[in-house]
Amino acid sequence: MQTKKLSPLQWVLMLMALTVTLFPVFWILMTAIKPPTDWNASPAIWVPSEPTFVNFKTLFDPEAIREYGVGGVSQSATKAVFGSVLASVTATFLSVLIGLFSAIGISRYGDGNKATPLIILSGRMFPPAAIAVPFVIIFSNIGLTDSYVGLIAIYVAVTLPFSTWMLKSFVDDLPREIEEAAMIDGLSRMRAHLTVTIPLIKGGLFATTMFIFILNWSEFMFALVLSYTNVSTIPVQLAKYVTATAGTLYGVQAALAVLAMVPLVIVGYLIQGHLARGMTFGAIKQ
Amino acid sequence: MLKDSLNASSPETASVTQTPPKAPGTGRPGAGEKTVARILTMPGQLVSLLVLVAPLLVALYMSFTDWSPTRGSLFEAEFVGFENYSELLIWDTRFVYAVLRTLLISIACLSLEFTFGLGLAVLFMRRFRGKSVLFSAFLTPMMILPVVVGYIFWMLFQSSGPVNQIMECILGPDVALEWFKNAPLAVTAVIVTEVWHWTPLFFLILLSGLNSVPENPVRAAVILGASPRQVFWRVIMPMLKPVIIVAFVIRAMEIIKLFDEVFMLTRGGPGSSTETISLYIYKLAFNDFQLAYGAAAAFLTLIGSLVLIHLMLAPVRNQLLEAGR
Amino acid sequence: MSAPKLELVDLVKEYEDGAVVAVDGINLSIAPGETVALLGSSGCGKSTTLNMIVGLETPTSGDIRIDGKSILHLPAGKRDVGLVFQDYAVFTSMTVKENLAFGLAVRKTPKPEIERVVAETAELLGMSDRLNAKARELGGSELQRVAIGRTLATRPSILLLDEPLSNLEAEARLAMRRELRRLQAETGLTIIYVTHDQIEALSLADRIAVMNAGKILQAEETTSICERPDHVFVAGFLGSPPMNLVRGEVSRCGETASFSKEGFALDLPPGAHLEPGRYALGLRPEALRLVPADGAPLSGVVSLVETRGSEAVVTVEAGPVRLNVIAPAHGRPAEGENVGVDIEAGSLVFFGGDSNRRIEAYPAGRTL
């Protein structure tokens, strides 16, 4: 059967949906390039008359930030950007590395399938606020509060089910015979996994890494409760600006928001074919 | 069921401690199967144990005490049994409302996201120009981090913001709504934000489901005389059931934990009229320092969501297990 | 429910604006109650033909008529034609009963009527005790029955079967073949049966239409098509082993004609009505006999002997030509032996070198 063409009415619906989808993105991009005079205009200005990148400059200039009266949190975003990169990259690397080993172990040796859906789901169901509570207590006892080590440890633990099950679904796609053939050729089990399995799931490994990066880069609540002065991430910094100024720092906040979302959108487009797999713990393959 | 779900709350430990089945063709040099399996899964288990299971146990213990950080060490705190739990369920209307509100938001979001996602996915089953570009464009919202989404919609819903501007264009000049000062409107804003953010996920999952529907049963139904509508609802949708349930379960889990967007949009206000469970627990623990009480609320939530999700998964459990194999 | 007559008239299906011709001008008329097998290897256009009859695809040109009336304007589902898919395409989310009832339910047939037809159909297929089973729990031949029953329940007057047995295991295949023959007899339907397996076609069909590259090369009674193939492709396709075909040249020297290609020559029996030129010579394996090499019309070396019960297929290499000969199993030659091959009188068949069509080299009535 031939697939039908989109009818004009359906085109109209599609374009309406597209407008609704893209308008908020358009708005944040426009706000980020508004000069300060346009920020608080009422009614709001849609397209700035004189687009400018000054907001991005302000973001990294402590003096300029202070001028806007953000006294209590007179930080530039430099530390937050640094913190986000450090925590996300490190945690992603560790999560994928550990998840890769677990994935091979479970796919090849475990019969972890029996209770799989429920197990992975319940691991994700616990309200993060409740995990954060004991962390705050434990970390304050061993001096890990407000440290990147503590933050990274949580990020790794929280994203591990995702990396494990996403990678497991890629390993599952690979026929066992390939490794068994390598073992017959004299490789030990472990060597067979390292030199045969891993190179064959390169694509999946990349997609998983990017996906875990998205999760880590987006994380907000743990960073919020575990950071004071030493540690910061972009989402926390954004929340602090909004809190400190009742949100009136529009342009600068929007600039920071754009900085936060641009890498994710790029990475997201790169792995869009694997997003469903990641979000569903490998249950839906595309 | 509850018992094994609780056991199961750490993903790795529960699944790998079972003895692996003997694979055929063993007896090669190097480490044996069991050793290799153990080495491979050890780091994951260790991390889960230290960073997820241990804190959970601490929180569980704490939920049976009246501890708060101002009162010395956790282990000196008084054991109060189920007092926190009964307090939450019987007396704490703010908690009960947070639960009901979270459920309301879940139902509204899930049904809207499903409807829009399905509609869009059906459109994408047709032929048209620029499909791949539009596909990416429609996925954009789910790639944006929740905090930023919350912030964007906070701007959009300002009283002088574009949402009101557009509504004034359509409905006349006097509809300046104060979205964040009126409880129903604030909840609506939260729902709109969530729906915008996560409809792409439904779209993505349903589209991949539609694409994997085998062609012949559909053709068979057409030949047997079914109209396109009948084919869609009687043949295609039942085949999508497992996919739809997976999508619902995964989104339900996320909405139960809904925090970031609400934090940016309303902080739970006005009053506590947009407080979700997660936001309430956060406030209990980090604003009021009622840590033990907050932990009890968290465990109640966990148990509730496990039951809920167990029920949602029941109709497709067998199929999911088959697919997992 | 008297079975109608189905006609395919100059049916053509092209894809990609004519770049691909899947069906290339088919003409076929199927009598009421007749079973016709469309036989051909995959990609020959037989499934496309079924899809056009049933209405899943629109012909590029030509017509499809039932009892003389064109059905092209009718959408699929309103043509009174049922199709059973090769992979059964049973609705796995439903029970057997819901599957059988589907066609009637979507037409808003009253409930009691549906109940009655479903019960009847289940009875006919021997599935009465499986009505409440989930379709996804069924085995291959049960799925097949459901697929057929689901179609029969809508009371089509023409039934199309697309490779109905090829997804079954050998044993189930035999049983199902018998079953299909019974259904055919009990329902009296007009049936078109698509297959690539000639044994199936031979055992089920009244008539076989051999298809290749979108064309029907020959459509004839099952009994005669093997003996008198009309086209060189049909000759090389039917039979096990199929007819030996040798392409070569006919030359004349006075009254005697001879057929030759490099390293191979055969004097033709006198009286051949053949112009000199290029031909394909057909020799049925059953019409060849092994004889001592001396004085035989053909001779060569045995390269392979395959026994099949009481008979053996002996492959003889006569120069560049390889001939399959059917010989009795006892007394069969050994591999490597030199043998002669004799040709049964009247069994030579010629096909035109360009037309590939059969040529009556020895008009009927003449004995050789």
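Which residue in S7(C) is the bridge partner of Val84(C)? The legends below work towards that pair and then move outwards; keep in mind that this is a predicted model.

**Figure 1. Val84(C) and its partner in the neighbouring strand.** Here's the pair from the opening question: Val84(C) has Leu161(C) as its bridge partner in S7(C). The two strands involved are S6(C), covering residues 81-84, and S7(C), covering residues 158-162. They run parallel, and four bridges join them.

**Figure 2. Strand S6 of chain C, covered on both faces.** Stay with S6(C) and look at its two sides. Val81(C) and Leu83(C) sit on one side, and both are buried. Gly82(C) and Val84(C) are on the other side, and they are buried too. So which of these came up in the previous view? Val84(C), the residue bridged to Leu161(C) in S7(C).

**Figure 3. Chain C as a two-domain chain.** Pulling back from the strand pair, chain C splits into domain 1, residues 6-225, and domain 2, residues 234-359. Taken over C-alpha atoms, the centres of these two domains are 39 Å apart. If you boxed up the C-alpha atoms of chain C along the principal axes, you'd need roughly 80 × 45 × 40 Å. Inside that box are eight helices and 21 strands. Of the 368 residues in chain C, 43% count as buried. Take the contacts in chain C with a separation of 6 or more: 64% of them link residues 24 or more positions apart.

**Figure 4. Chain B, built with helices and zero strands.** Over in chain B, the secondary structure comes to 15 helices, with zero strands. The chain has 325 residues, and 46% of them are buried. For contacts in chain B with a separation of 6 or more, residues 24 or more positions apart account for 70%.

**Figure 5. Where chain B touches chain C.** This view shows 14 residues of chain B in contact with 18 residues of chain C. On the chain B side, the elements giving two or more residues are helix H10 (215-223) and helix H11 (228-256). H10(B) gives the most, with six residues. How does the chain B side break down by class? There are nine nonpolar residues, three polar and two charged.

Note on methods: Residues numbered from 1 in each chain as written. Chains lettered and ligands numbered in written order. Predicted model: local features only at pLDDT ≥ 70, side-chain atom pairs only at ≥ 80, totals over all residues. Contact = placed C-beta atoms within 7 Å. Nonpolar A, V, L, I, M, F, W, Y, C, P; charged D, E, K, R; others polar. Buried ≥ 20, exposed ≤ 12 C-beta atoms within 10 Å, placed from the backbone. Pairing = 2+ DSSP bridges. Domains from an automatic or database assignment.
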